Structure formats: C-alpha cells, structure tokens
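Q: Could you take me on a close look at one part of this model, the charged side chains and what they pair with? After that, please carry on to the other features that stand out to you.

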Amino acid sequence: MEKNEPMTGGKVQTETSASIKGDDASITIDPEGVKTSNRIVDSQQSIRFSLDGAVPPGELHVPPGVDTPFTFGTFIKYFGPGWLVCIAYVDPGNFQADIQSGATSGFSQNWVILWTQLLSWYVQYMCVKLQHYTNSNLAEAMALQYPKYIRWAFWLIAEISIILTDLPEVIGFAIAINLFNDSVPLYAGVLLSFLTTMALGAFLPIAKMTPDAIQSAIQIVGAVVMPHNLYLHSGTLETRRCPPREAYKRQAVKLGLWDPFIPILFTTVINWAIASLAAIFVYKNVAVPDPSALGIASFPDFLNIKGGKILWGVALIAAAQSSCITTTYSGQFVMDGFLNIQLPKWLRAVVTRCVAVLPCVIVAAVLDSRAMEQMIDIVNSSLAFLLPFALVPLTRLTTSKQFMGDRFVSGWIEAIAIWVATFCCFGINFYTLVAPDGDYFGKYTSKPGAFGVQMNIIQDILAAFYIACCVYMAFAPVKGAPLPISKG
C-alpha cells in the first residue's frame, strides 16, 4: 500500500479495508492509523473501499494554518459544509414558526430564536468533532452502536424526520406559486414542486409564556434544530477529512466551528426580521381575527408594504428550492450510514419528494391553504419531538471517552451543559405530549366517553415509548474505540 505524505498541495493518499462479520463491524487500521467510515451490513462479507465517495478517491485534506499558509483564499476554499447546513434555518417551516412567534407574542420571543440559533451552532460543532475525531458521520456512528432491529428502527425514524422536513418545502413552493397567480390551484403548485425537484436532483452537485407562546417556541426549536441537519453536517464534513495527526484534527475542528458562524448570524437576522414583521403588522391587530391561525399563506395579506406579497413569494420559492438540497443529501447519508445503501442523488431527491408530495396533493385538492399551514405547524412540532432521536446519540458519543478518546472527549463543563440542553429538549417535548390542552393529545384526552379513553391510552403508550427510547440511547453501553491519532 503506497502513501504520499502531505505536501504543499495539502492532500495525502490513503486506502484501507474493513471486514464485516455477522451484524458487527470490525475496522482495519492501516499503519498511518486512518480509519474508514464504519460500514454495517447484515451478511458475512468482506469489503474494500476508499475513504468515502464524498471524498475524491483516496484523498485527505490538510487544513490551512498547520503546514500550509493560512490565507483568505485557503480559508474560503476550506469552508462550505456549514453554509450548506444553514440553508435549513431559513426554510418555509422556519418562516411559519417566525410568523406564529411574532403574531402571538410580539417581540417577546425573539430571545427564543436567538438561543435556538446558538444551540444549533453548538450542535453543529458537536457534529464537527464527531466527524473529524472519529472519521464517522452520525448515521454511521449510530449504526455501530445498536443491534440490527434497533438500527433499522432508528433509520426509519430518521427517514420520517427527513420526509417531514420536506413537507414545508413542498407547501411553501405551492403557496408561492399561488401568490403569483391565484388561478393556479394549490395542488398544481405541489405537483410543480415535484418537477422542479427532479430538475434540481438530476443536476445536483456535491417573558410570560401562554399556551400559544409555548407551542410557538416548540415550533421554533423544531424548525431550527432539525434532526436531519445533524446527519447532514457530520456527513458533508467527509469532504474535509484530514490525516490522523492531532494538529491537523484540532485545526479542522476549529475551522469547522467557525464555518457555520457567519451564516447562522445571517439566518438569525432573517428569522428576527420575519418575526418582527409579524409583530408589527399582526400582533394586537384587531383586523386579524385569530393571530395564532396565521401562516405563510395568509401572512402576506396583512403586509402593508408595496410589493410585499411578490417579495414574500420570491422568498418562499428560494427557501423551498434551496432546502430540498439539504434533505436530499441528508437522506443519502442516513441510508448509506445506517444500511450501507447508496442511491444516485437525483433518485434520492425524487423518492423523498414523492413521499412528501402525496399528502400535500390530497390536502391541497380537498381542503384549503389554511389546512396546509396547519400541516406545517404539525411538522415543526413533530420535528422537535423527533430531535432527541438524533441529539441524544450525538451527545452520548461526543461525551464518551471510549468513543472519542481522552484527548478529544468533551470536557466535564461542556458535557454537563449539553446534557442539560438535551434534557430540556426532551422535557419540553414530553410536557407538550402529556399536558392538558396540549397540541398533541391534550385536546382529546379530556373528552368524555370511549374516544377520550382511547386517546389517553395512545398518549400513555407513546409517552412510555418516548421515555424508554431516550433512556436507552442515553445509557446504552458505547461500542467502538478511539481513532488512532498521532500527537504533534
């Protein structure tokens, strides 16, 4: 096996192999200590592959600022994954959560947007550490931890979260087309979103809180810290893998920390602006009968700005079409990491969008735009509910000495802080699930008769399942060993 040491070009060639027996993965380490991505399959076989298809075959990249000069040019070339991930922070689902926030609470929930964006920044930093210190993305690392059937269950949950994420993109595109020309029915806009996705996919390159305010905050969390982004960021960073030397790894993590910072600032300002517009034109506006029912379709009717409706439609189309890129990539990382199944990106985009389009077409054809807005509200709350299924394993792995190694595991203060944040995420979701008059089952469990009893039973079963899954993910023994990384 031939190797080229890092030269001025900043790349090193490597190849490695892995043998897989039964349902376990054993990783072969070459003399330089480069581990491949963990691959899991269910039958006995031996495979041989380069580091990953996402990386140009056999190439590792030395981050600028260690052996090579740190210039503005090398700085710009190295960045990118963080910007891609931040596209998801300004999708139609975010817009609707912002509108709900401003319309029902005025400016008082801008702090929720800020802290949620900061939490998302730190969560992305955890994804950076996972990839660079273990050479694994989140889906691969989770696949290594769990038995076959649990792994398949978590894959299914991840796919559901990706499909749910795609629903607001479909709805937002359809509503935008309807804003431009109200003679175009919503279902036609939904179908058109499918055609545009096929085109893109084929050429895709690599205060006091009221009940309404609480639900609005939950929707903001679900719209910003989306589960699919954790798989996406840890996966796209495969294109920035570096040789297993501590100086390279730490520099790569440092650059990965600051990569999404500027786009997160931009997206924070955008979300603040939309929430502020809703607060200015809708909050305590007697002309608005029910501010909590406002969404991306009805909001432009109250924008007292010249050309506001057209600009809003342009923003919706841009947000919807750019966000479909993130769901396509994250879907591929999830399927490849959990199941070792690789699909062409155009096919992955079409499959994901097909599943998202079907319920939207039915709702658009039978009901109206308000029903589609309600679908986005449900999606945002559901994404917050599903977030622990990605966040708990990520927290567990990055705070594990066995998986990360003594030199790269999170410090105890950092570990406590992220575990507290993770527990708060679980807690607020669990409270909303079981709270009287909550948006999940609370409106139905108090109803008399057999229906109320049935809703109580379903609520209790789901709550028990939610607790059991989160406890299992938090306390299951960690498998795997640290990636051998030389000092210096």
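A: Let's start in helix 10 (residues 246–258), where Glu246 and Arg250 lie four residues apart, about one turn of the helix. Helices here are DSSP runs of H or I with at least four residues, strands are runs of E with at least two, and both are numbered from the N terminus. An α-helix has 3.6 residues a turn, so residues three or four places apart point the same way. Before going further, a word on the source: this is a predicted model, in which local features need pLDDT of at least 70 and side-chain atom pairs count only at pLDDT 80 or more, while totals for chains, interfaces and linings use all residues. Residues are numbered from 1 along each chain as its sequence is written, and side-chain values use heavy atoms, with hydrogens and water left out.

Glu246 and Arg250 form a salt bridge, and their closest N and O atoms are 2.8 Å apart. The term stands for a side-chain nitrogen of Lys or Arg within 4 Å of a carboxyl oxygen of Asp or Glu. Side chains of opposite charge can pair when their charged atoms come close. The two partners differ in their cover: Glu246 is buried at a relative accessible area of 15%, whereas Arg250 is partly exposed at 36%. For these words, buried means under 20% relative accessible area, exposed means over 50%, and partly exposed is in between, with a 1.4 Å probe and protein chains only. The pair also belongs to a network of salt bridges that links Glu246, Arg250 and Arg407.

By the same rule, the structure has five salt bridges. One of them joins the side chains of Asp67 and Arg245, at 3.3 Å from N to O. Asp67 is partly exposed, with 46% relative accessibility, and Arg245 is partly exposed too, with 27%. Arg245 has a further partner, for its charged end sits over the ring of Tyr248, 4.6 Å from the ring centre. That wording requires NZ of Lys or CZ of Arg to be within 6 Å of the ring centre and within 35 degrees of the ring normal. Another salt bridge is made by the side chains of Asp301 and Lys309, at 3.2 Å from N to O. Here Asp301 counts as exposed, at 51% relative accessibility, while Lys309 is partly exposed at 34%.

Now for the aromatic rings. The whole structure holds 18 aromatic pairs. Rings of Phe, Tyr and Trp (its six-membered ring) pair if their centres lie within 6.5 Å, and planes under 30 degrees apart count as stacked, over 60 as edge-to-face and the rest as tilted. Tyr146 and Phe154 make an edge-to-face pair, at 5.0 Å centre to centre and 80° between the planes. Both Tyr146 and Phe154 are buried. Phe154 also pairs with Phe389: the ring centres are 6.3 Å apart and the planes stand at 65°, so this pair is edge-to-face. Phe389 is buried, like Phe154. These rings belong to one aromatic cluster, made up of Tyr146, Phe154, Phe385, Phe389, Phe423, Phe426, Phe430, Tyr466 and Tyr472.

Phe423, a member of that cluster, lies in helix 17 (residues 412–434). Its relative accessible area is 57%, so Phe423 counts as exposed. In sequence Phe423 is 35 residues from Pro388, yet their C-alpha atoms are 8.8 Å apart in space.

Helix 11 (residues 261–281) is a good last stop. Asn271 sits in helix 11 and is buried, with 0% relative accessibility. Setting aside neighbours within four places in sequence, Asn271 is in contact with Tyr89, Val90, Asn94, Asp98, Ile113 and Gln117; contact means heavy atoms within 4.5 Å. Ala275 is in helix 11 as well, and this residue too is buried at 0%. Its contacts, with the same neighbours left out, are Asp98, Gly102, Asn110 and Ile113.

Leu265, also in helix 11, is partly exposed, at 42% relative accessibility. Leu265 joins Trp83, Ile262 and Phe266 in a nonpolar patch on the surface, and together they have about 390 Å² of accessible area. Helix 11 gives the largest share of this patch, three residues. Patches are made of residues with over 30% relative accessible area and no salt bridge, like charges being joined within 9 Å and nonpolar side chains (Val, Leu, Ile, Met, Phe, Trp, Tyr) within 5 Å. The areas come from the Shrake-Rupley method with a 1.4 Å probe, and for residues only the protein chains shown count as cover.
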